[in-house]
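Work through the exercises below with the sequence and the model side by side. Try each task before reading its solution.

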Amino acid sequence: ALEKILLPKVDSILAVSTGVGQDLIANHGVDSKKIRVIFNPFNVKSIKGYALEPVNSFFEAGQRYVVAAGRLVPEKNYSLLLQAFSRVSRRVSVKLLILGEGILLESLKDQARHLGILEQVYFLGFQDNPYKFISKCHVLVLSSHYEASPRVLVEAMVCGTPVISTRCPVGPSELIQDQVNGLLVAPGNELELADAIEKVVTDATLSERLRKAGLARAEEFSCERILPQMEGYFLEVLNSET
């Protein structure tokens with residue numbers, strides 16, 4: 001109801017991705033001339049500092065780790081991740097860390113138990129510093145049905161962790177160039193996601209290439225680069241009112 005009242009009256013809209021802007025045009029009747037796309041900024045230096053903090057008595061030397069982070073809600077499709085991880089775990093010694101809280105916690109634990117992987121999956125809940133976990137894992141996976149501009153992908157890149165994501169209609173494909181700084185898979189495709197995870201955790205050459213390219217890509221979203229764009233945008237909007 002508020003959208004119908006407010007959107008026609010705004011002078012300009014700042015969208016966090018091109019896909020969000022396109023959705024506003026197609027589904028909310030917003031004039032394309034009112035939309036400006038600027039990605040979210042990230043404090044790269046701060047994230048790198050937090051990533052160096054130790055995690056005591058958890059990670060085992062020589063063990064491969066997959067990590068996912070976000071709310072445990074249907075749109076994140078953790079069910080798909082568990083199914084894909086189950087396939088990978090039959091072929092590779094690997095463990096899965098899930099950071100986050102949400103309404104699906106118990107059902108996801110039940111699914112992991114049914115798949116026979118509960119002992120290999122760690123539901124770690126909300127973490128004040130998720131970066132110290134992400135940075136020590138071999139790959140971060142985003143299995144969502146849909147997104148806007150998923151921050152966790154850039155945060156993982158900053159941590160030097162390769163990323164895999166479903167190719168949602170909006171978001172990940174604007175952050176990830178497939179096979180260059182991450183891997184993109186079809187939404188809902190359990191086999192494709194499992195294959196991608198296995199490739200990254202077993203192919204050291206691929207992992208290192210994605211890691212380096214991800215670090216470079218993440219710098220494009222640093223506060224030093226994004227905030228001047230935002231400042232210029234706000235001044236432009238203000239000056240248009242005078």
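At 5% relative accessibility, Y233 counts as buried (buried means under 20% relative accessible area, exposed over 50%, partly exposed in between, with a 1.4 Å probe and protein chains only). This is a predicted model: local features need pLDDT of at least 70, side-chain atom pairs count only at pLDDT 80 or more, and totals for chains, interfaces and linings use all residues. Residues are numbered from 1 along each chain as its sequence is written, and side-chain values use heavy atoms, with hydrogens and water left out.

**Exercise 1. Describe the surroundings of strand β6 (residues 139-142).**

Solution.
- Step 1: fix the terms. Strands (E, at least two residues) and helices (H or I, at least four) are DSSP runs, numbered from the N terminus.
- Step 2: check the faces. V139 and V141 are buried on one side, L140 and L142 on the other.
- Step 3: find the partners. Strands pair if DSSP finds at least two bridges between them. Strand β3 (residues 64-69) runs parallel to β6, joined by 2 bridges. Here V67 stands opposite L140. Strand β7 (residues 163-166) is also parallel to β6, with 3 bridges. There V141 faces I164.
- Step 4: trace the connection. From β6 the chain passes through helix α7 (residues 151-158) to β7, a right-handed β-α-β crossover (with the strands pointing away from the viewer, the path from the first strand over the helix to the second runs clockwise).

**Exercise 2. Is helix α7 mostly covered or mostly open?**

Solution.
- Step 1: count. Of its 8 residues, 7 are buried, so α7 is mostly covered.
- Step 2: name them. They are V152, L153, V154, E155, A156, M157 and V158.
- Step 3: look past the end. G160 follows α7 and has a positive phi, near 80°.

**Exercise 3. Characterise the pairing of F58 with F133.**

Solution.
- Step 1: apply the rule. Rings of Phe, Tyr and Trp (its six-membered ring) pair if their centres lie within 6.5 Å; planes under 30 degrees apart count as stacked, over 60 as edge-to-face and the rest as tilted. The count comes to 7 aromatic pairs.
- Step 2: classify. F58 and F133 are edge-to-face, 6.3 Å centre to centre with 85° between the planes.
- Step 3: place them. F58 sits in the loop between α3 (44-51) and β3, F133 in helix α6 (residues 131-134), 75 residues apart.
- Step 4: compare exposure. F58 is partly exposed at 23%, whereas F133 is buried at 7%.
- Step 5: widen the view. Ring pairs link F58, F59, Y65, Y122 and F133 into a cluster.
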